[in-house]
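Here is an informal walk through the structure below. Have the viewer open while you read.

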Amino acid sequence: MRTLTKSWDDIFFQFLVNAFLLTLMVAVLIPLWRVFVMSITPLHYIDTKTLGLWLDPRIWSFEAYKQLLSHPSFVRATTNSFIITLGGTVVNMLLTVPFAYALSNPDLPGRKFFITMALIPFLFNAGLIPTYLVVQKMSLIDTYWAVILPGAINIYNLLVMKSFFEGLPDELKEAARLDGANELQVLWHVVLPLSKPILLTVGLWYAVGHWNEFFNAILYLNDAKLQPLPLLLRNILLAANINEYVEYDAFSSAPVSAFRAASVFLTMLPIIIIYPRVQRYFTKGTLLGGVKQ
Amino acid sequence: MNKFLLKCLLIIAALSLILSACGAPATPAPTEAPVEPPTEAPEVAPPTEAPEPTPEPPVDLEIWVSGRVTEAGPPPDDWAAYQIIKDELNVNLKVVILPGTQADQDTKINTAAASNSLPDVFFANRDAWYKITEAGLTANVEELLPLMPERTKTHYSDPDRNKQVTYNGGLYGLADPGNLVQTDAMVIRKDWLDKLGLEAPKTLDEFLAVAKAFTNDDPDGNGKKDTYGLCAFIDGSGLNAAGLGPRFDFVYGAYGVAGTWNLSSKGDFGLNVRNPNYMKATEFIKTLNDAKVIDPDWPTLKKDEFRVHWKQGKCGMMQENFAALSTKSNYADFDANFPAGEWVPFDPPTGPDGASSAGVTIKPARIYAVSQRAMDEGKGPAIARLLEWMATDGYMLLAFGQEGVNYKLDANGYVSTEGLEDAAKWTAKEAQPLTQLANMVYIFSDLELQARYPAYKAASGREMAPLSYYAAFQKQAYTNSSGAAVINPPANAADFVRFYSENIVQFVLGQKPLTEESWAEYIAGLDSLGAKDVEASALQTLIDASFIE
């Protein structure tokens, strides 16, 4: 039996790679750790000592989180964000998947025309005002649809998904068709089960986009009851920043920097929870979707 | 099971979207029958039978305002004011709270303007207001003023503020009082002065001497060299805060060049950097920096970090906002760290020619505009009715909520919350939506100030009265720079201000030699960025707005 022996060069190379990756990991983790430490720093501490990278766990304070979570509008804004994220992603996928599948079929009549029509707004965006006018004329102002429908199909995501579908073996689809399946059945029973990586990847992109949504909400959602979490957090932070004019400071028990850091963590939380479950599909989906076979 | 769950979630999400879309209110329909302005009654013979007067349909008004607390949301649907406004003024009011930042507000207003869907009354920052007015989308409001006499008296009688909304000689906006002025001035640690046997400085030379003593003579007595004579940071942004910003204005003021602009007269008008005294003031700051009497973090500090530094006991003198310094929540940590510590105001030091200034004052205006569309629809009188009510019968309701529920008046007639339910107090987080329109009614009267900045006893036992700081600041000398509010930034404002400010910082830090030659090069650099055009344009704007004769 042949044994594999590593030369010193190999070991040295491996060491360099590991050292590089370790450095990279530390470079990524330090800012995150710093943000976490800031978010749990009590006000009296920051006003007496200089904040470093280490904070004694005995003085950790979750006051900033408590203040943010206990804000009267927090639950409503979080619910709005979930509705926009969940509903928006569903709408995105319901529209993107069939469109991408149809475009992936080389026999689709007028395929080039449809692809061109999809590419035109991708390359030449109409801009803010025309989009606003369309949303307004469709009476979508002050509805969740106003922040969901304008970006219902992201052309980049559509093209990535189309490429993925094109990479699937035609034989499988042909076999289903020979068995009498129509195109919807082929899509549902054959293509989609094989497309988990791209569905989860594109779904995650869409979901993250919706979760971080605040600009369209500023424009289209006048009713504060519909506003999403990022907008609320943004307003809370702004209020904390200008607190010299707030005579009864609502955020007196935690420093502004702690609010900023805590809100970063709160907004990241759902993505941090979801991402590891999707990660194993993520690289595969991006690579396969990006390469045309 | 998982698939079933997923399907259920999808169905729920889709249904919730449909339901929410159906349930949310659509944009308000335009008023079908606008209210006609009152006209003189024609002479007619008295009718034999008085017909039943036909009630006029209520006028729908939508107003976009900058809320008192941006994150608190609009008043609730059952807000008492809505019903009163409907019953007494015949107005259906819809309130939209604008986002917190100026950039977001401008985006929303500009988008609405571009799509010709501005609301009836809206708050706008001056740059946005100017562009919208140029486009003919705001209405001349002069005809509304006689319809709201009390509000005009209390809100719209300041000439400096009105100039900020003057366009082509007419008033195209309502310039409400913006914020308190002269709120920031110099303060000094009295306990340090006492310990070192010093007096508060009166001149710049004395300022340097006291700053050196605070830095080198261990004024806090902890045996460490951890204190500085002066704490500051580069505050503000934009053309009017170019250079080192307002925290260093007391030095520039001592040389008679506080602020970005010299607005004293048409002949002298221009950027203050052209005045040789500006260089001398910069030299003095460099002297402070070279002597290491300024907190060395000053070039990179943010506002909240600066405030951490004085609460940590690093600072002997500083320019600070009275509320940031002394209100209960802001003072608590300093009080806990230094129970014997005491900040007292002192007059800004005088310069070689005897000049002094605590900083510049720009009378801030909170601009509300009436859309031309609303005026064309005949909503002007209803708008005037509403605004007048806000300044009279509705004032206390909008400023502090309902009497007996959210506030009460004490024996002196001042607003109090004593004995009220915690969550209902007008100061409570839960009650914030009820006073969201307070910015439309505040006039900074004694009643308001006593309510907003109450005296209290700190944990150390020290009696604190924020308004005593405010009163002391009001007595100090400031440089009136109200005209600067109307100067529109140039197209290359970001580059211009960056060049302006970065060079000053480099001079002070010694990264560039501060000599006559280098200063001349600096001015030439500003000119190459269009400084002369900026000045010419600014002068014309000031003349148009009657700030300069």
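Let's start with confidence, since this is a predicted model. Chain A has a mean pLDDT of 83, and 85% of its residues come in at 70 or more. Between its elements the picture varies: helix α2 (residues 43-46) of chain A has the lowest mean pLDDT, 64, while α7(A) has the highest, 94. There's also a stretch to treat with care, residues 243-251 of chain A, where the pLDDT is below 50. That stretch still has 18 contacts in the model beyond near neighbours in sequence.

**Around α7 of chain A**

Now for a look at the helix with the highest mean pLDDT in chain A, α7(A). A:Ile148 sits in this helix, which covers residues 145-148. Is A:Ile148 buried or exposed? It counts as buried, because 24 C-beta neighbours fall inside 10 Å, and the cut-off for buried is 20 or more. What does A:Ile148 touch once its neighbours within four places in sequence are set aside? The contacts are A:Ile84, A:Gly87, A:Gly88 and A:Val91. Take A:Gly88 from that group: A:Ile148 is 60 residues away from it in sequence, yet the two C-alpha atoms are 5.2 Å apart in space.

Just ahead of that helix, in the loop between α6 (128-137) and α7 of chain A, you'll find A:Asp142. Its phi is near 65 degrees, a positive value in a residue other than glycine. That's worth a second look, because most residues other than glycine have a negative phi. A:Asp142 is partly exposed, with 19 other C-beta atoms within 10 Å.

**Chain B as a whole**

Over to chain B. Its secondary structure adds up to 21 helices and 19 strands, and its C-alpha trace spans about 90 × 70 × 55 Å along the principal axes. Of the 549 residues in chain B, 44% are buried. If you take the contacts in chain B with a separation of 6 or more, 75% of them link residues 24 or more positions apart.

The domain assignment splits chain B into two domains, each built from two stretches of sequence: domain 1 is 56-179 + 365-444, and domain 2 is 184-361 + 477-544. Their C-alpha centres lie 35 Å apart. How many residues of domain 1 of chain B are in contact with domain 2 of chain B? There are 6, and they meet 4 residues of domain 2 of chain B. On the domain 1 side, α4 (126-134) and α6 (159-163) of chain B each supply at least two residues, with α4(B) giving the most, 3 residues. By class, that side of domain 1 of chain B has 1 nonpolar, 1 polar and 4 charged residues.

**Strand β1 of chain B**

Strand β1 (residues 59-65) of chain B is largely enclosed by the rest of the structure, because 6 of its 7 residues are buried. The table lists its pairings with two strands of chain B.

| Strand paired with β1(B) | Sense | Bridges |
|---|---|---|
| β2(B), residues 91-97 | parallel | 7 bridges |
| β3(B), residues 121-123 | parallel | 2 bridges |

To find the pairings in the viewer, use one residue pair for each. B:Asp60 stands opposite B:Asn92 in β2(B). On the β3(B) side, B:Trp64 has B:Phe122 as its bridge partner.

How does the chain get from β1(B) to β2(B)? What lies between them is helix α2 (residues 80-89) of chain B, and this β-α-β crossover is right-handed.

**Two more spots in chain B**

B:Gly243 is in the loop between β8 (228-231) and α9 (249-254) of chain B. B:Gly243 counts as buried, because it has 26 C-beta neighbours inside 10 Å. Not counting residues up to four places away in sequence, B:Gly243 touches B:Tyr500, B:Ser501 and B:Ile504. B:Val497 is another residue to check here: its C-alpha atom is separated from that of B:Gly243 by 7.8 Å, with the two positions 254 residues apart along the chain.

Finally, go to the segment after α21 (531-544) of chain B, where B:Ser546 lies. This serine also has a positive phi, near 65 degrees. B:Ser546 is partly exposed, with 15 other C-beta atoms within 10 Å.

Methods:
Residues numbered from 1 in each chain as written. Chains lettered and ligands numbered in written order. Predicted model: local features only at pLDDT ≥ 70, side-chain atom pairs only at ≥ 80, totals over all residues. Domains from an automatic or database assignment. Contact = placed C-beta atoms within 7 Å. Helix = DSSP H or I, 4+ residues; strand = E, 2+ residues; numbered from the N terminus. Nonpolar A, V, L, I, M, F, W, Y, C, P; charged D, E, K, R; others polar. Buried ≥ 20, exposed ≤ 12 C-beta atoms within 10 Å, placed from the backbone. pLDDT = per-residue confidence, 0-100. Pairing = 2+ DSSP bridges. Right-handed = clockwise from strand over helix to strand, strands pointing away.
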